[in-house]
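Student: I've got a fold to go through and I'd like to quiz you on it. Can we take it piece by piece?

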Amino acid sequence: MIQRFIELGEGYSDLYEFLEIVKANTHRIERILALHTNKKGRSVTSIVAVMKKTDPGSFQAMYICREGIPNPHHTPNKRFDLVRSAAAEAGLSLIEMEVQPSDRFAEKELFFQYLIGILRMNRYISPLS
């Protein structure tokens, strides 16, 4: 199985594309995640839509808006409220967790591999088979 992050942006205007992906693919979404971190002194959140793996192909996409939404536990905001509402409309719980910021990694791909490891360990995505 191939598991890959597809970055939409940092949660500004691309947030609306994320919301459309959730709305149009409710039947394919496995989980919606909010990954909280501190980046350059700011408390921010990444949002992720984890899709069910494709058949055939065994490809699991994870759409991410990376570190552009203020952490709602520190700064309540409308963008996060939209994500929370989209998850509820899709009948999914919003899973929240703390992670390291992407700027702790030399490359963005290393950050994504770190996230895949955490998500596998917590059984939010399937291990490789």
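Student: Which residues line the largest pocket?

Tutor: Keep in mind that this is a predicted model. The pocket has a volume of about 170 Å³. Its lining is made up of Leu19, Glu20, Val22, Lys23, Thr26, Leu82, Ser85, Ala86, Glu89 and Ala90.

Student: And which elements give two or more residues to that lining?

Tutor: Take the lining list and look where its members sit: Leu19, Glu20, Val22 and Lys23 are among them, and so are Leu82, Ser85 and Ala86. The elements that supply two or more lining residues are helix H1 (14-24) and helix H2 (78-89).

Student: How many of the lining residues are nonpolar, polar and charged?

Tutor: Sort the names by side chain: Leu and Ala count as nonpolar, Glu and Lys as charged, and residues such as Ser and Thr go with the polar ones. Run that over the lining and the split is 5 nonpolar, 2 polar and 3 charged.

Student: Staying with H1, which of its residues are buried?

Tutor: The cut-off is under 20% relative accessible area. In H1, the residues that pass it are Asp14, Leu15, Phe18, Leu19, Ile21 and Val22.

Student: Why do those buried residues of H1 line one face of the helix?

Tutor: An α-helix has 3.6 residues a turn, so residues three or four places apart point the same way. Look down the axis of H1 and the buried residues stay together on one face, because they fall within an arc of 155°.

Student: Which exposed residues does the face of H1 turned away from its buried side carry?

Tutor: Exposed takes over 50% relative accessible area. On the face of H1 turned away from the buried side, the exposed residues are Lys23 and Ala24. Lys23 also shows up in the lining of the largest pocket. So the pair you asked for is Lys23 and Ala24, by that over 50% cut-off.

Student: What covers the buried residues of H1?

Tutor: Think of the order of elements first: along the sequence the chain runs β-α-β-β-β-α-β-α. Contacts with the buried side of H1 come from strands as well as a helix. The cover includes strand E1 (2-9), strand E2 (29-39), strand E3 (42-51), strand E4 (59-70) and H2.

Student: How does the radius of gyration of the chain sit against that of a compact globule?

Tutor: The C-alpha atoms fill a box of roughly 40 × 35 × 25 Å along the principal axes, and 46% of the 129 residues count as buried. For 129 residues, a compact globule would have a radius of gyration near 14 Å. The chain agrees with that, at 14 Å.

Student: What share of the contacts with a separation of 6 or more comes from residues 24 or more positions apart?

Tutor: Leu35 in strand E2 gives you an example, with Met97 sitting 62 residues along the chain and 5.2 Å away, C-alpha to C-alpha. Over the chain, the share is 62%.

Student: Is Leu35 buried or exposed?

Tutor: Leaving aside neighbours within four places in sequence, Leu35 is in contact with Val44, Thr45, Ser46, Val48, Met97, Val99 and Leu115. Its relative accessibility is 1%. That makes Leu35 buried.

Student: Over in helix H3, which residues does Ile116 touch?

Tutor: Ile116 is buried, with a relative accessible area of 3%. Phe5 is 111 residues away in sequence, yet the two C-alpha atoms are 8.6 Å apart. Not counting residues up to four places away in sequence, Ile116 touches Gln3, Phe5, Met62 and Ile125.

Student: Now the backbone: which peptide bond is cis?

Tutor: Most residues other than glycine have a negative phi, and most peptide bonds are trans. Look in the loop between E3 and E4, where Pro56 is found. With omega near 10°, the cis bond is the one from Asp55 to Pro56.

Student: What is the phi of Ser58 near?

Tutor: Ser58 lies in the loop between E3 and E4, and is partly exposed at 28% relative accessible area. Its phi is positive although it isn't a glycine, near 50°.

Student: And where is Arg123, with its phi near 60°?

Tutor: Arg123 is exposed, with a relative accessible area of 71%. Its place is in the segment after helix H3 (108-121).

Technical notes: Residues are numbered from 1 along each chain as its sequence is written. This is a predicted model: local features need pLDDT of at least 70, side-chain atom pairs count only at pLDDT 80 or more; totals for chains, interfaces and linings use all residues. Side-chain values use heavy atoms; hydrogens and water are left out. On a 1 Å grid over the protein atoms alone, a cavity is a set of points where a 1.4 Å probe fits but cannot get out, and a pocket is an open set with protein on both sides within 12 Å along at least five of seven lines; lining residues have an atom within 4 Å of a point. Grid points are joined across faces, edges and corners, and a volume is the space filled by probe spheres set on the points. Helices (H or I, at least four residues) and strands (E, at least two) are DSSP runs, numbered from the N terminus. Buried means under 20% relative accessible area, exposed over 50%, partly exposed in between (1.4 Å probe, protein chains only). The arc is that of the directions from the helix axis to the C-beta atoms. Contact means heavy atoms within 4.5 Å. The radius of gyration is taken over C-alpha atoms; the globule rule is 2.2 Å times the number of residues to the power 0.38.
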